[in-house]
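I opened a fresh page for a structure I had not looked at before. These are my notes, in the order I looked things up.

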Amino acid sequence: QVQLVESGGGLVQAGGSLRLSCAASGRTPVSYAMGWFRQAPGKEREFVASISWNGVSTLYLDSVKGRFTISRNNAKNTVYLQMNTLKPDDTAVYYCAAASSGNYFWTPQTIPEYDSWGQGTQVTVSS
């Protein structure tokens, strides 16, 4: 099973930026889509963004479109989430996840579609 480790979370003022990273290690699948989810206190975990294995296809939560950008570097087994113009509503624990698949263009967006999960990194946006 693949191990995922997130980094880059922290405290930032509204309007600021953060860049999250997620490094995969262990028995990584031949090809896998990657995604970011978040969970705020008292709320369910929600999809934020996903990227296909080949990086061609991406998918975003409507509320983050135009502010967040997901990208990946397969040579480094790493996926990134650049978050700009952050809002207090973005405050949550952010999780990365991997979904093994032979479809190089697949961008899964539901929790059951993902095989492996990281431990999460806290993002706090102050007003």
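The entries below go from the overall fold to single residues.

**Entry 1: what kind of model**

I reminded myself that this is a predicted model. I kept that in mind for everything below.

**Entry 2: the fold**

How many helices and strands does the protein have? I found 0 helices and 11 strands. Reading from the N terminus, I wrote the order down as β-β-β-β-β-β-β-β-β-β-β. The radius of gyration is 14 Å, close to the 14 Å that the globule rule gives for 127 residues, so I noted the protein as being as compact as a globular protein of that length. I also looked up the box that the C-alpha atoms fill along the principal axes, and it is roughly 40 × 25 × 25 Å.

**Entry 3: inside and outside**

I checked burial next: 43% of the 127 residues count as buried. The protein exposes about 6,400 Å², and carbon and sulfur atoms supply 48% of that area. Then I turned to contacts between residues at least 6 apart in sequence, where 60% join residues at least 24 apart.

**Entry 4: charges**

I looked up 10 positive and 8 negative charges, and their mean positions are 8 Å apart. Side chains of opposite charge can pair when their charged atoms come close. How many salt bridges are there? The count comes to 4.

I took Asp90 and Arg38 to begin with; their side chains meet in a salt bridge at 3.0 Å, N to O. This pair links distant parts of the chain, since Asp90 is in the loop between β8 (78-83) and β9 (92-100), while Arg38 is in strand β4 (residues 32-39), 52 residues away. Are Asp90 and Arg38 buried or exposed? I found both of them buried. For Arg38 I noted a relative accessible area of 6%, which is why I call it buried, the cut-off being under 20%.

Arg38 has another partner, Glu46, and here the closest N and O atoms are 2.7 Å apart. Glu46 comes out as partly exposed, at 31% relative accessibility.

Away from Arg38, I looked up Lys65, which forms a salt bridge with Asp62 at 3.1 Å between the closest N and O atoms. Asp62 is exposed, because its relative accessible area is 61% and the cut-off is over 50%. Which residues do shared salt-bridge partners join into one network? I wrote down Arg38, Glu46, Arg67 and Asp90.

**Entry 5: two positive phi values**

I then went looking at backbone angles. Asn77 has a phi near 50°, a positive value in a residue other than glycine. I placed Asn77 in the loop between β7 (68-73) and β8, and its 26% relative accessibility makes it partly exposed.

Thr85 also has a phi near 50°, and again the residue is not a glycine. Where does Thr85 lie? I found it in the loop between β8 and β9. Thr85 is partly exposed, with a relative accessible area of 45%.

**Entry 6: three buried residues**

Leu20 came up in strand β3 (residues 18-26). Its relative accessible area is 0%, so I put it down as buried. Setting aside neighbours within four places in sequence, I saw that Leu20 has contacts that include Ser7, Trp36, Leu81, Tyr94 and Val123. I also checked Leu20 against Gln82: they are 62 residues apart along the chain, yet their C-alpha atoms are separated by 6.4 Å.

Ser50 is in strand β5 (residues 46-51), and it is buried too, with a relative accessible area of 0%. What does Ser50 touch, not counting residues up to four places away in sequence? Among them I listed Met34, Gly35, Leu59, Ile70, Pro108 and Tyr114. Between the C-alpha atoms of Ser50 and Val79 I read 9.7 Å, with their positions 29 residues apart along the chain.

My last look was at Ser116, in strand β10 (residues 116-117). Ser116 is buried, at 4% relative accessibility. Leaving aside neighbours within four places in sequence, Ser116 is in contact with Gln1, Val2, Leu4, Cys96, Ala97 and Ala98.

Conventions: Residues numbered from 1 in each chain as written. Predicted model: local features only at pLDDT ≥ 70, side-chain atom pairs only at ≥ 80, totals over all residues. Heavy atoms only, no water. Buried < 20%, exposed > 50% of the residue type's maximum accessible area, 1.4 Å probe, protein only. Helix = DSSP H or I, 4+ residues; strand = E, 2+ residues; numbered from the N terminus. Rg over C-alpha atoms; globule rule 2.2 N^0.38 Å. Contact = heavy atoms within 4.5 Å. Areas by Shrake-Rupley, 256 points an atom, 1.4 Å probe, with all protein chains shown as cover. Lys, Arg positive; Asp, Glu negative; His and termini not counted. Charge placed at Lys NZ, Arg CZ, Asp CG, Glu CD.
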